[in-house]
Number of protein chains: 4
Amino acid sequence: MKNTFGSKIAVTLFGESHGKAIGAVLDGMPPGIDVDEDFIARQMSLRKSVGAISTARREADEVKILSGVFNGRTTGTPITFMIENQDQRSRDYGELAYKARPGHADYAAEIKYGGFQDFRGGGHFSGRITAGLVAAGAVAISALREKGVTVGTHILSCGGVRDRSFGDVKSDIDSLDGREFAVLDTSKEEEMKAAIMAAKSEGDSVGGCLETAVYGMPAGVGEPWFDTVEGLLSHALFSVPAVKGVEFGAGFAYADMRGSQSNDPFRSENGRVVTETNNCGGILGGITNGMPILFRCAVKPTPSIYKEQRTIDMRTEENTTLVINGRHDPAIVHRARVVVDSVTALVLLDMLS
Amino acid sequence: MKNTFGSKIAVTLFGESHGKAIGAVLDGMPPGIDVDEDFIARQMSLRKSVGAISTARREADEVKILSGVFNGRTTGTPITFMIENQDQRSRDYGELAYKARPGHADYAAEIKYGGFQDFRGGGHFSGRITAGLVAAGAVAISALREKGVTVGTHILSCGGVRDRSFGDVKSDIDSLDGREFAVLDTSKEEEMKAAIMAAKSEGDSVGGCLETAVYGMPAGVGEPWFDTVEGLLSHALFSVPAVKGVEFGAGFAYADMRGSQSNDPFRSENGRVVTETNNCGGILGGITNGMPILFRCAVKPTPSIYKEQRTIDMRTEENTTLVINGRHDPAIVHRARVVVDSVTALVLLDMLS
Amino acid sequence: MKNTFGSKIAVTLFGESHGKAIGAVLDGMPPGIDVDEDFIARQMSLRKSVGAISTARREADEVKILSGVFNGRTTGTPITFMIENQDQRSRDYGELAYKARPGHADYAAEIKYGGFQDFRGGGHFSGRITAGLVAAGAVAISALREKGVTVGTHILSCGGVRDRSFGDVKSDIDSLDGREFAVLDTSKEEEMKAAIMAAKSEGDSVGGCLETAVYGMPAGVGEPWFDTVEGLLSHALFSVPAVKGVEFGAGFAYADMRGSQSNDPFRSENGRVVTETNNCGGILGGITNGMPILFRCAVKPTPSIYKEQRTIDMRTEENTTLVINGRHDPAIVHRARVVVDSVTALVLLDMLS
Amino acid sequence: MKNTFGSKIAVTLFGESHGKAIGAVLDGMPPGIDVDEDFIARQMSLRKSVGAISTARREADEVKILSGVFNGRTTGTPITFMIENQDQRSRDYGELAYKARPGHADYAAEIKYGGFQDFRGGGHFSGRITAGLVAAGAVAISALREKGVTVGTHILSCGGVRDRSFGDVKSDIDSLDGREFAVLDTSKEEEMKAAIMAAKSEGDSVGGCLETAVYGMPAGVGEPWFDTVEGLLSHALFSVPAVKGVEFGAGFAYADMRGSQSNDPFRSENGRVVTETNNCGGILGGITNGMPILFRCAVKPTPSIYKEQRTIDMRTEENTTLVINGRHDPAIVHRARVVVDSVTALVLLDMLS
């Protein structure tokens, strides 16, 4: 299947940027879970972001729940989230209808869908489609909290500025809650924003890196082959637009380590089994070991920039150039962060079900 | 499901390191594909590796095909590969039966399986289980070649020594074919081996990084959400024991780039659409764009080392120490390489089916 | 997963009888298929049925397509059908909220969902949910027609009156197109309706049997194990409310036959391989043989009747009696028919994809 | 996927009648379940059957467990059952290699696999492949018994002779345990066998009907849409060779009933909720209601008969005749019974997991 992910808890995404509506169907949630529409709305607003560094489309992004909730609680049947698009104009897209934007999916989509795709605003490839993920993820985050599992993501680096890594995982996650521009060392926020504005002033964009921690996962979750914790998380995380790398624990730094440094010694501490270090990111043999799960996602720079770019005309396959006007974000990393939290919650809730 | 991966082409892994046999069932292969048992045997020998840097168990690793092949060709029904274990002794495992080896899955498995797991030699977590993947992968590699798609992986770094990256992808892949210690710059082979031997002499182990290229994939393969090329490949690649990070194209280097550098300009060249650079690793919006697929896997150091390590006794959860005797590899990266090729071939063949 | 069915072509159902909206997401449709909203509306009206024998709720049942269609054609991305409920009143359901209606899912749902289910009007179990199936099925029926495959279902029996069986399959299917009360021998229509009215006048209901034929399926479709044509069709058909039996070809009549009668001899005829009889219903070894697919579904009487019935109070589990007031159909078989066509089309289109 | 069925508990079938081995991989079993190899062997012998009415191939059918069992208990990893074929001769199959046997899958397979299928003895379509199902099913039956769930199937009719239906379900199921020719009214055994022998003496074969009961299933299992109890069971049951119809409870008899007869009144009895009748076969809205599950499978006559039959030559598609020599069973229904039990147990165990 294509637009559905998950086993017992599964999410199906639908919609196009300029179609009637976008949304998600979340199936498999147990009955009786409290559905907090205010929390959903707050998560949605984190995805939109605001201020000078963002130029998000002015959509209300109001989430309507069409099914699966009765008297404020899940019924156990599919929950459908719908977000109506206000901008459905079929205005003239000009050359964007046939010139492939570098770094975007336009050319790949043209080949795959044979020209029948809804190209307006990126269509089904638009980052806007993640709104459905965030709505569904909000319910998953609530359900995980009831199990004592919390998820938090911060901007580890952006535009060359680097935040500190997770320290005390539990309190660090709590400190990120509801933050619009999520860094652990708050002194880095202005530096990062300045780097973003610098790129913007040159008609350019920046990339970054997101770091995620999960606190409270019990040991023994995951499978040794294929449905490893790393495998399931990465499968879903690569659907977050612009994510091009996922590493767990020490990740690529493992390459230059020796076993005597990288192995995490076990220790019994206050009646709990812990490891002295957490290079493995809480996962051994694909299975949780009870320590916090830690991973990082590489986020590529927003491909929409104001500079002129070389490309082709997809009608004739002739070489040409392209300037993308309109509004686009000089950075996406701060908005991608709530999407990463949402995807992580959906995957882990499924693994715990 | 747990030990099965794939949609139209699916592989199911079974077996324990010291059980009767290990193997794989490969289902969904089209009928009429030539099955070359010599090629399978050569791939199996690459997984075992040899020489001073490896201390692989002396198993014949003879692959028996139980089903799905008739007159040397696939029938279209499930192909079962069985590799009998010669070492099935239930000898005394001593403290390895109850002391959790750091960096291994022992503790996670104890929690998950409640003590019923076959702990001998790592059981179902053993790297030996990848033999089934390599056998199945060999048939997938052959089937891909009939479609003009070739896959190659080299050791990008190991023990601090770095190979060059892919240049001319097609000929570089060809140059790796059948190589026991696969580097592109052959002058690096002895350097890397020396680094491995240095670690070995200290009772230690080294990690590394594998880089993979795929040549000949048509544009338009993959899905925008969930079943992206990156998502499906990484899901499977994280099952290769010791892989802790996967990045595509520029990967984590994207974090410090600007959009004007990272976007790959399109160009029409000799009647084909190409990109001038390939930072995206041949994948845009989760879908192939016709350029070579490029990715890297971080491989952690072999967790079995000769040095004394701190751990717990899983019966009492008391702190203790452990020394692992017996033979173990100071590096796994050169042996993991054929497993990465195999997994890549299985995933891509499924996506093309 | 729960409310999703299909492999390459998959449908996800959502909604409750008295919630905001019901609907379906149809994923995997190839791009470029013509979407005829008039045809969808006609199929929807067949599901509602009319006249004295039906007392269907007066809903407009207008289908809104939220995604996946652009310029009147499928884009290749998920197609979302939404039908808003007009009757969303949370009026007093009285004893229907806690007395289990015999023949209905109320008690099973109470146990499964622990009281959190939306019980109003049957909630997620309501026959109304099939509206989403019919909308999605209409697109599948159109796509099948482009491949030369047609599907038709008639009321083989109802209230003790029996229609003739399929004769010339192709023309019989065509004759059923758009028929509100679908019988092959039109002289039976009034007889059947009279039997239904007789039951109605006694506050009772009748069951029946539907017979389906599929013309134009190529030979060689289906799998020998598990994903047989019979297995996939029956899996989905048992979701049509009230279906309690599915038989293919001679079905249960096979039990009293001998092999010399039941085997269908092959014959070459005008350059095509056919069978002289079609006891196997076009399926051998789980795979189509090129003859028409033939099957029958047993439909139980509408469980909502006006007579007093013995049941329990689900709050106290004490014995009590129940009278169901309001409007309910004395027969469902004529309305179930378009649902069977829709489900059949969805399954077969998936098998051909 | 093709040869795999199940969600949390999944079985993968492999093998050809005259290949090296056949078998099954059973994945998802919880760790610690007792694996009784004697019970497996007894179930295997029920599948083979014996005596004058059966002419089963003289294979030892010894089941080797290759993986997933350690110290007599499941480990939680895939359990592989292998049955080596003793008859692997590639002898001359004569006209059976190219003449399509009526009632068999030969022609459908030729179209599907393009001539690459292993045609010897039916290949992957052989009833022999059910041996893997029976081995896996034996473990599922044991696991269900630990949960208080028992499954029993009897020959409701064969060759025109009819057994009584289930009465006291629990004791009736117990009475069927280990029975080679399973009828409830033992006076019918000789009558049925005589009917089979009569057909045999005429070179012909007979069909029949199997009836299954499941005792002890808790209420609340199953899903309202798609993964209904009926849908999942029928999906798998149609893989039992020769099954062409499945009906639950009153099944096709519902067609001629009225709602006032067919609805099963609820009643509270000794602190349990029961129904006074069980026309619904223990399933309402796709979900168990706590009463015994009841269903029947129609079994077509063995297609291999000694009489001359009309068919085609698959090389030339010319009309010809065929006489099938060798040994074949005049009835299959008594052997199919343990396969139905096995499949039922596998499906229900998965639904309870």
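**Relation of chains C and A**

I superposed chain C on chain A in this predicted model. A turn of 180° with a shift of 0.0 Å along the axis lays chain C on chain A, and the RMSD is 0.0 Å. I therefore record the relation as that of a two-fold axis. I then looked up the contact residues: 100% of those of chain C recur in chain A, so that the same surface serves both copies.

**The sheet across chains A and B**

I next traced the order of strands in the sheet that spans chains A and B. The sheet is open, has 10 strands and reads β9(A)-β8(A)-β10(A)-β16(A)-β11(A)-β11(B)-β16(B)-β10(B)-β8(B)-β9(B), with antiparallel pairing. Its edges are β9 (161–162) of chain A and β9 (161–162) of chain B, each of which pairs on one side only. I also noted what packs on the sheet: helix α6 of chain B, residues 229–237, touches β11 (243–248) of chain A as well as β11 (243–248) and β16 (293–299) of chain B. The direction of this helix makes about 160° with that of β11(B).

At the chain A edge, I found two bridges between β8(A), residues 150–158, and β9(A), in the antiparallel sense. In this pairing A:Ser157 stands opposite A:Arg162 of β9(A).

**The hairpin of β17(A) and β18(A)**

I turned to strands β17 (residues 309–313) and β18 (residues 318–322) of chain A, which run antiparallel and are joined by five bridges. A:Ile312 stands opposite A:Asn319 in β18(A). Four residues lie between the strands of this hairpin, where A:Glu317 takes a positive phi near 55°.

Which residues does A:Arg310 contact, its neighbours within four places in sequence left aside? I listed A:Asn319 and A:Thr321, together with B:Pro265 and B:Arg267 of chain B. A:Arg310 itself is found in strand β17 of chain A. I class A:Arg310 as partly exposed because it has 16 C-beta neighbours inside 10 Å. I also checked its separation from A:Lys244, 66 residues apart along the chain: the C-alpha atoms are separated by 23 Å.

**The nonpolar core**

Lastly, I looked up the largest nonpolar core, which has 467 residues. The residues with the most contacts inside this core are A:Val299, B:Val299, C:Val299 and D:Val299. I followed the contacts of D:Val299, not counting residues up to four places away in sequence. From chain C, D:Val299 touches C:Tyr254 and C:Ala255. Its contacts in chain D include D:Gly207, D:Gly208, D:Cys209, D:Leu210, D:Ala242 and D:Val243, and also D:Ile332, D:Val333 and D:Ala336.

Note on methods
Residues are numbered from 1 along each chain as its sequence is written. Chains are lettered from A and ligands numbered from 1 in the order in which they are written. This is a predicted model: local features need pLDDT of at least 70, side-chain atom pairs count only at pLDDT 80 or more; totals for chains, interfaces and linings use all residues. Two strands pair if DSSP finds at least two bridges between them. Two residues are in contact if their C-beta atoms, placed from the backbone, lie within 7 Å. Axes are lines fitted to C-alpha atoms, for helices over the stretch in contact, and angles run from 0 to 180 degrees between N-to-C directions. Copies are superposed by least squares on the C-alpha atoms of residues with pLDDT of at least 70 in both. A nonpolar core is a set of buried Ala, Val, Leu, Ile, Met, Phe, Trp, Tyr and Cys residues joined through C-beta atoms within 7 Å. A residue is buried if 20 or more other C-beta atoms lie within 10 Å of its own, exposed if 12 or fewer, and partly exposed in between; C-beta atoms are placed from the backbone.
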